[in-house]
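These are my notebook entries on one structure, written down in the order in which I looked things up. I start with a term that I needed before reading any of the strands.

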Amino acid sequence: MKIIVCIKQVPATNEVRLDPVTNTIIREGIESITNPFDTYAIEEAIRLKKKLGWQTAALSMGIPAVKEILRDAMALGIDEAYLLSDRGFAGADTLATAYALAGGVQKVGGAQLIICGKMATDGDTAQVGPMLAEMLGVPHITDVAEIISIDEKEMVCRKLTDDGYQEVKMQLPALITVNKEINVPGLPSMQGILNTYDAPVTTYTVPDLDVAPELLGLAGSPTQVVRTFIPNLTIDNEWLTGTVNQQADALLNRLSEHNIIEKEG
Amino acid sequence: MNLIRPLTEDYSDYLRDESRTLGYADTISFVKTEEDIVEVVKYCYENGILINIQGARTGLAGGASPLGGHVLNVSRMTKITGMRYDPKADCYYLTVQPGVLLSQVRKALENKAFDIAGWSQESIDVLSKIKPGELFFSPDPTETTASIGGMAACNASGARSFLYGSTRVHIHALRVVLADGSVTVLERGVHKAHGRDFVLPLEGGGEFVGRLPDFDTPHTKDAGFYFRDDMDLVDLFMGSQGTLGIISELEISLMPAPKIMWGATTFLPSDEAGLKFIRAVRGEEIPGVPVFKHKPASLEFFNKNALEMILKQKEITTAFSQLLEIPENFNCAVYTEFNDADPESFLPILKELAQVVVACDGDLDRTWVAKDARELEKLIFFRHTVPETVDMLVDENKKNEPCITLLSTDMSVEDKDFEKLYHLYKSTLEKTNLHWVIFGHSGENHFHPNIMARNKEEFEQGHAIFKEWAKEVSKMGGTITAEHGAGKIKRELALIMYGEENMAKIKAFKQTLDPKNLLSPGNIIS
């Protein structure tokens with residue numbers, strides 16, 4: 001039995017700065033980290049490994065430097081790591097990413113359970129997890145806050161919804177995406193780091209996978225980014241002065257001017 | 001006098017500080033400039049009104065809690081007013097008002113985000129040459145909302161003082177308003193005593209001629225007064241907790257930020273193993289342990305009670321829900337942090353540290369490692385949870401018995417008496433039914449035993465224990481407060497440390513600078 005955790009390297013900030021001329025993200029001086037939601041996915045996989053004795057693997061797609069975060073996952077206790085790295089994967093949107101990851105999952109022999117973070121902090125789409133499940137033909141539950149029970153055949157999860165929580169049962173193999181309620185991600189142990197700082201990370205290129213190259217990378221991405229910009233959020237403050245009654249009158253006038261309340265008389 | 005207003009119910013928060021000491025006062029002012037301070041001080045001087053000085057009120061010894069008269073609050077003096085580079089010393093300096101918070105300085109340096117309104121062109125030019133995160137102000141009292149003025153006044157130290165020294169050494173220059181409203185400007189290395197004689201130059205001409213008490217204050221890194229031959233006069237106002245003057249501006253020295261900050265928390269099977277590990281990581285030669293050659297930035301100890309206390313509080317306090325899960329069967333833990341200029345130093349130092357862990361009966365699987373500043377926040381959060389929890393418990397206990405305050409000590413001894421001090425604390429506390437923990441800065445031999453008194457009897461028992469310890473520590477040649485200042489809570493202990501004779505000399509000395517005895521009543525001096 002195997003658990004695969006899909007992880008992504010993201011910039012270590014959510015205050016993204018854009019180059020005013022090119023409208024591309026300024027990456028200079030910003031270090032890269034494991035997507036914070038993925039750290040919960042890694043932790044949950046390690047907990048399940050301890051509980052069920054299943055094998056664990058981490059899978060990512062990106063440049064060779066992504067090996068660093070895969071080794072971090074191994075230092076935490078993940079058994080193996082795989083990286084999909086090839087120019088052919090570059091420029092992928094969520095659909096092409098999910099397609100590549102599906103190829104990766106199949107390449108390593110599939111999994112009984114795939115765990116993804118709820119979303120990546122650099123894109124905030126939350127699409128890749130569910131798309132990957134669809135492509136693999138397995139059921140999925142998103143926004144999982146707790147795994148209530150799990151065995152080789154089925155699992156019961158408590159998932160967060162807009163209106164509260166739901167308990168959902170599904171058959172395995174399956175995929176879940178997890179949120180920050182599910183656990184407290186730990187730190188690697190000293191032994192873990194000493195064991196894995198130069199551990200091998202298996203890298204696959206496009207020809208290694210059983211995939212259609214035209215469905216990968218930029219070519220396989222139906223999403224086109226026309227323009228990226230920071231929304232202009234300005235809030236005007238106005239100080240109301242005068243006596244309490246004058247201020248109250250002024251406030252009433254402003255609120256009715258903006259149709260927030262109807263002024264009587 | 002527009003600045004001075006009655007201290008009504010609305011301002012009752014300003015009667016207390018983080019130590020949970022409740023004071024009393026008639027009036028309060030929120031000064032914004034040095035001119036404001038001078039105006040208030042002159043008024044008080046003329047009318048013989050006591051002046052209590054407040055910054056961010058995060059102190060743990062009651063230094064900011066008033067004892068009658070007027071509260072002069074500098075928490076609205078929050079401007080960083082300029083930057084300077086001295087090519088000779090190859091050092092950058094930042095000029096700040098006393099109410100500027102440590103967190104504010106850190107954030108401004110990290111993001112290179114300064115409000116430069118009112119800055120001189122020279123300052124702006126210097127700023128333009130630095131990069132975000134390049135410079136760093138090392139003092140790190142646990143509370144980052146401490147004000148720089150307050151940190152200087154009590155000569156605060158923190159976990160990283162082990163490597164960088166306490167606040168004192170990072171304050172380069174000062175502007176100080178004296179008791180009569182005159183202002184002196186002092187720079188380290190420039191304005192020094194000659195033997196015991198000194199001169200404070202006054203703005204607008206004139207000078208104050210004085211003579212230091214004829215004894216050296218104990219210990220070099222202690223809070224409290226600092227008297228030495230030929231001393232820097234800046235140091236007169238470091239640690240003296242507002243008793244000699246009011247700091248109206250500070251120039252703080254900055255240093256190149258370390259390129260890597262990482263740390264490890266290791267769980268050890270016994271207190272003996274914990275203390276041995278601390279000695280080993282300090283670089284001491286211990287039979288059977290490889291000599292460790294890298295000086296940590298900090299070395300923090302947690303005894304079993306402290307770990308059990310936060311485990312329990314984690315169940316109750318949602319803010320602690322993301323606290324790391326402690327391995328089972330722990331006895332104590334030691335946090336070690338490294339700051340280094342070479343980002344590649346992590347792995348080699350980690351390998352050497354691992355050997356020390358094993359040689360001290362530690363377990364590499366039960367040692368957490370945070371390999372960068374981001375991960376380090378988790379370990380620092382874990383460390384900070386201990387005093388935070390103590391505060392919560394004290395607040396809870398205070399509801400039943402209002403006289404209860406924080407009962408925490410920060411005594412410190414020389415390296416040779418390290419174990420002796422720890423066992424003095426532990427053996428005394430084990431004989432009682434008190435609720436207690438021991439944690440803190442083991443690198444510099446100052447643990448923080450904390451007693452969470454549940455009633456008046458326990459509170460008094462705690463105080464009596466502290467007095468006994470103060471006597472023992474004084475006998476060992478240590479200091480009764482290495483970090484928080486004596487303030488009001490520990491002035492009795494200060495008396496034990498200085499002795500009656502020297503305390504009388506301190507009083508007489510204060511009288512020369514503050515003839516009406518108006519400044520910071522109740523701080524240090526009894």
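Before I could read the sheets, I had to settle what pairing means: two strands pair if DSSP finds at least two bridges between them. I also noted that the model is a predicted one.

**Entry 1: the sheet in chain B**

With that term in hand, I looked up strand β13 (residues 260–268) of chain B and found that four bridges join it to β16(B), the two strands running antiparallel. One place to see this is T266(B), which stands opposite T367(B) in β16(B). I then followed the whole sheet, which is open, has seven strands with antiparallel pairing, and in chain B has the order β16-β13-β15-β14-β18-β19-β17. Its edge strands are β16 (367–370) and β17 (407–408) of chain B, each of which pairs on one side only. Helix α8 (residues 346–359) of chain B packs on this sheet, where it touches β13, β15 (332–340) and β16 of chain B, and its direction makes about 15° with that of β13(B).

**Entry 2: the domains of chain B and the core**

I next looked up the domain assignment of chain B, which gives domain 1 (80–191 + 234–256) and domain 2 (260–475). The centres of these two domains of chain B, taken over C-alpha atoms, are separated by 29 Å. Their contact takes eleven residues from domain 1 of chain B and 20 residues from domain 2 of chain B.

Which residues touch the most other members of the largest nonpolar core? I found I148(B), L236(B) and I252(B), in a core of 147 residues. Domain 1 and domain 2 of chain B each give at least three residues to this core. Leaving aside neighbours within four places in sequence, I148(B) is in contact with V96(B), P98(B), V100(B), L101(B), L102(B), V105(B), F137(B), L250(B) and I252(B). Apart from the largest core lies another, of 35 residues, including Y40(A), L83(A), A199(A) and V201(A).

**Entry 3: strand β4 of chain A**

Turning to chain A, I noted that strand β4 (residues 55–61) is largely enclosed by the rest of the structure, because five of its seven residues are buried. Five bridges join β4(A) to strand β1 (residues 2–6) of chain A, and the two run parallel; here C6(A) has L59(A) as its bridge partner. Five bridges also join β4(A) to strand β5 (residues 80–84) of chain A, again in parallel, and here S60(A) is partnered with L83(A). Together with helix α2 (residues 67–76) of chain A, β4(A) and β5(A) make a right-handed β-α-β unit.

**Entry 4: S85(A)**

Is S85(A) buried or exposed? Its relative accessibility is 13%, and the cut-off for buried is under 20%, so S85(A) counts as buried. S85(A) sits in the loop between β5 and α3 (94–107) of chain A. Not counting residues up to four places away in sequence, S85(A) touches G62(A), I63(A), P64(A), T203(A), Y204(A) and T205(A).

**Entry 5: strand β10 of chain A**

Last, I looked up strand β10 (residues 174–178) of chain A, where five of five residues are buried. I recalled that in a regular strand the side chains alternate between the two faces of the sheet. In β10(A), A174(A), I176(A) and V178(A) lie on one side, L175(A) and T177(A) on the other, and all are buried. Five bridges join strand β6 (residues 113–117) of chain A to β10(A) in parallel, with L113(A) opposite A174(A).

How values were computed:
Residues are numbered from 1 along each chain as its sequence is written. Chains are lettered from A and ligands numbered from 1 in the order in which they are written. This is a predicted model: local features need pLDDT of at least 70, side-chain atom pairs count only at pLDDT 80 or more; totals for chains, interfaces and linings use all residues. Side-chain values use heavy atoms; hydrogens and water are left out. A nonpolar core is a set of buried Ala, Val, Leu, Ile, Met, Phe, Trp, Tyr and Cys residues joined through side-chain atoms within 4.5 Å. Buried means under 20% relative accessible area, exposed over 50%, partly exposed in between (1.4 Å probe, protein chains only). Domain bounds come from an automatic or database domain assignment. Contact means heavy atoms within 4.5 Å. A crossover is right-handed if, with the strands pointing away from the viewer, the path from the first strand over the helix to the second runs clockwise. Axes are lines fitted to C-alpha atoms, for helices over the stretch in contact, and angles run from 0 to 180 degrees between N-to-C directions.
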